[in-house]
Amino acid sequence: MTEVPIPESETEAGALKAADLIRDEARRAPDKPGVYRMYGEDGTCLYVGKAKSIRKRILQYAQGRFHTQRIGLMVSLTRSMELVITASETEALLLESSFIKQLKPRFNVVLRDDKSFAELMIRKDHRAPQVRKHRGAHTTPGDYFGPFASTWAVNRTLNTLQKAFLLRSCSDSVYETRTRPCMLHQIKRCSAPCTGLISLEDYAGLVEEASAFLKGKSRAVIGRLSDEMSAAAEAMDYEQAARVRDRIRALSAISMENSVSADGVAEADVFALFSEGGQACVQVFFYRGGQNWGGRAYFPRVDKTDTDPEILAAFLGQFYEDKPIPRLILSNVRPHELELLEEAFSMKAANESKRGKVEIARPLRGDKLSLVDHALTNAREALGRKMAEGSAQGKILDEVCEAFGLDSRPERIEIYDNAHIQGTNAVGGMVVAGPEGFQKSQYRKFNIRGEDLTPGDDYGMMREVMRRRFGRLVKDEDAGEEVVRPDLLLIDGGAGQLAEVLAVLADLGLDDILAVGVAKGPDRDAGKEHFFMPGKPPFMLPLKSPALYYIQRLRDEAHRFANGAHRTRRSMDIKKNPLDEIEGVGPGRKKALLHAFGSAKGVGRASVVDLVKVDGINQPLAERIYGFFHPETRG
């Protein structure tokens, strides 16, 4: 592929209107396949598209005749473009999916929450192959089985393999150093090849049986084990017969639980798309070796103007950008440009695993249709639950509006809490919530570092957090960056804490942001919270108010986040501290010193007389500690 440079003359580009700029780019664009990226004024990617002819596709945008207002808005916001030429439209499709997944453009269908899936791996680079869970690239020689849709599913299958085939799961270093069987052998989950209790030839037979089972040959494996059990019973080796019986039971249980009654579905991924009200859900199920290895529901970011074939095509392209592709993909919707997708997936599969053609099919009858219908039912129910949760969330936010006198539903609520122990390792936590719940990517922690703060000064800590948070917001706004102001601040504290927050906001010219103090009630009982707002007397919300429960959840989440950050900082402080360098100061004495003086700096400011008062610190050690922090006093 070839990158086509675009002139960076800001004066020239700024003088052109969006359509004129696109037309200007089209004149220099090649009449070849490729990918184009459209960028806004702030450098954010607006859209990624592919075309058989980049020039013709770009000219369509410049003509001003758009199918939807959304495309017109996208064109009007475009300030620059980047083009990449590819050898074919198939290669352009794969590159487009990669760019969308990486850049998450505003006007594309975007796959969200795309996490990697676990697999099972049976290694082939050791004389006694190991079975283990695996994520990521296939860099270790071995057989890989998956994907499994959940950690629970892969753990259950791994446990079954250990019970049924007695394969080792220990690391090579543990294997090489064993002199006697481990606990897994004692509970009949490993055949102990490490100590020679099974020959390597017999162990290799167990590995072959496990591979056959994972490839869908469970009936053949169970049949061989049944014959082995019968032979042991006839020879009156009842202990061996019982061991084989237990292995058969383990295999039968998982085989019946995961079995699929669909001809020709030894290996397939099943997709079902259900869209309603401008939202969409794609349910995925993985079938391998004739077994259902679980599924997952996805909620891609879509626009109400996107059609189902377009949504599914974009989803599939991004989904398989970093995942192995099966031979068969079943779906309830025929994706847009199906033949091109099949060609692209076949090329990708051939390059990665030397496999043949990939087929994308929409079954109309039989067992395969039953699998798709099952996935569609799950997709419909998952989207229904999500929309119901969103509706309930909307009603709660309406009650929050009414409680605090907001003009409209808050899109962004920020909740603040501080955590410390007697002023040490102080941390401020900011939690963010909105119509879709907690926005954990927006959480922030603030390590309190004010030199002039008195240990335990909660007001001073809150003042520092507010100055840093909203000072940065004002700075970014002045620099022309796009920032989102909160609609509501919830402060864990009463009138005093709220006054500090209001003073900082006023100093920064942000006194239009509503701040509310949430103080715990008598005996710190939930439900008896008092709320403080500027210009109003303290008030309470009805005990069974949904808004009250919601605010309690927000406050508890802020408390959890701040405490977690504090524990992490305190742990690091205990592990790494100047006191560690002083001979005679171990963990116990260090902890006593930190509790007594708040921090290592506090210890450094203490006199010998003060140091001696700490439990475990005698006169010679106190003098050594004082001398460490005051080297000029050393003789």
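**Exercise 1. Determine whether S53 is buried or exposed, and find its surroundings.**

Step 1. The relative accessibility of S53 is 11%. Buried means under 20% relative accessible area, exposed means over 50%, and partly exposed lies in between, with a 1.4 Å probe and protein chains only. S53 is therefore buried.

Step 2. The model is predicted: local features need pLDDT of at least 70, side-chain atom pairs count only at pLDDT 80 or more, and totals for chains, interfaces and linings use all residues. Residues are numbered from 1 along each chain as its sequence is written, and side-chain values use heavy atoms, with hydrogens and water left out.

Step 3. S53 sits in the loop between β3 (45–51) and α3 (54–62). Helices (H or I, at least four residues) and strands (E, at least two) are DSSP runs, numbered from the N terminus.

Step 4. Contact means heavy atoms within 4.5 Å. With neighbours within four places in sequence left aside, S53 is in contact with D31 and K32.

**Exercise 2. Describe how α2 and α3 pack.**

Step 1. Helix α2 covers residues 18–28, and its axis is 8 Å from that of α3, at an angle of about 160°. Axes are lines fitted to C-alpha atoms, for helices over the stretch in contact, and angles run from 0 to 180 degrees between N-to-C directions.

Step 2. Angles under 35 degrees count as roughly parallel, over 145 as roughly antiparallel, 65 to 115 as roughly perpendicular and the rest as oblique. So α2 and α3 are roughly antiparallel to each other.

Step 3. The crossing of α2 and α3 is left-handed. A crossing has that hand if the near helix is turned anticlockwise from the far one by less than a right angle, and is right-handed if clockwise.

Step 4. From α2, the contact uses A19, I22, R23 and A26, and from α3 it uses R55, I58, L59, Y61 and A62. By class, this contact of α2 with α3 has 7 nonpolar, no polar and 2 charged residues. Ala, Val, Leu, Ile, Met, Phe, Trp, Tyr, Cys and Pro count as nonpolar, Asp, Glu, Lys and Arg as charged, and the others, Gly among them, as polar.

**Exercise 3. Work out how α5 and α12 are oriented, then follow the loops after them.**

Step 1. The axes of α5 (residues 89–103) and α12 come within 8 Å and cross at roughly 85°. This makes α5 roughly perpendicular to α12.

Step 2. S97, I100 and K101 of α5 meet G317, Q318 and F319 of α12. The classes in the contact of α5 with α12 are 2 nonpolar, 3 polar and 1 charged.

Step 3. K104 lies in the loop between α5 and β5 (118–123). K104 is not a glycine, yet its phi is positive, about 50°. Its relative accessibility of 44% makes K104 partly exposed.

Step 4. K323 is in the loop between α12 (308–319) and β11 (328–331). K323 has a relative accessible area of 8% and is buried. A polar atom of the K323 side chain lies 3.2 Å from the backbone oxygen of F319.

**Exercise 4. Describe the pair α15 and α16, and place D511 relative to α16.**

Step 1. Helix α15 (residues 458–478) and helix α16 (residues 495–507) have axes that come within 9 Å and cross at roughly 30°. α15 is therefore roughly parallel to α16. Their crossing is right-handed.

Step 2. In α15, D458, Y459, M462, R463, M466, R467 and F470 meet G496, Q497, E500, V501, V504 and L505 in α16. The residues of this contact of α15 with α16 divide into 7 nonpolar, 2 polar and 4 charged.

Step 3. D511 is in the loop between α16 and β18 (514–519). With a relative accessible area of 60%, D511 is exposed.

Step 4. Not counting residues up to four places away in sequence, D511 touches L505 and A506. D511 and V501 are 10 residues apart in sequence and 9.8 Å apart in space, C-alpha to C-alpha.

**Exercise 5. Find the backbone feature of A192 and state whether A192 is buried or exposed.**

Step 1. A192 lies in the loop between α8 (183–186) and α9 (200–214). Although A192 is not a glycine, its phi is positive, about 60°.

Step 2. A192 is buried, at 2% relative accessible area.

**Exercise 6. Summarise the whole protein in terms of elements, burial and contacts.**

Step 1. The protein has 21 helices and 19 strands.

Step 2. Of its 635 residues, 46% are buried.

Step 3. Among contacts between residues at least 6 apart in sequence, 61% join residues at least 24 apart.

Technical notes. A polar contact is a pair of N or O atoms within 3.5 Å; within protein, one must be able to donate a hydrogen and the other to accept it, and residues adjacent in sequence count only if both atoms are side-chain atoms.
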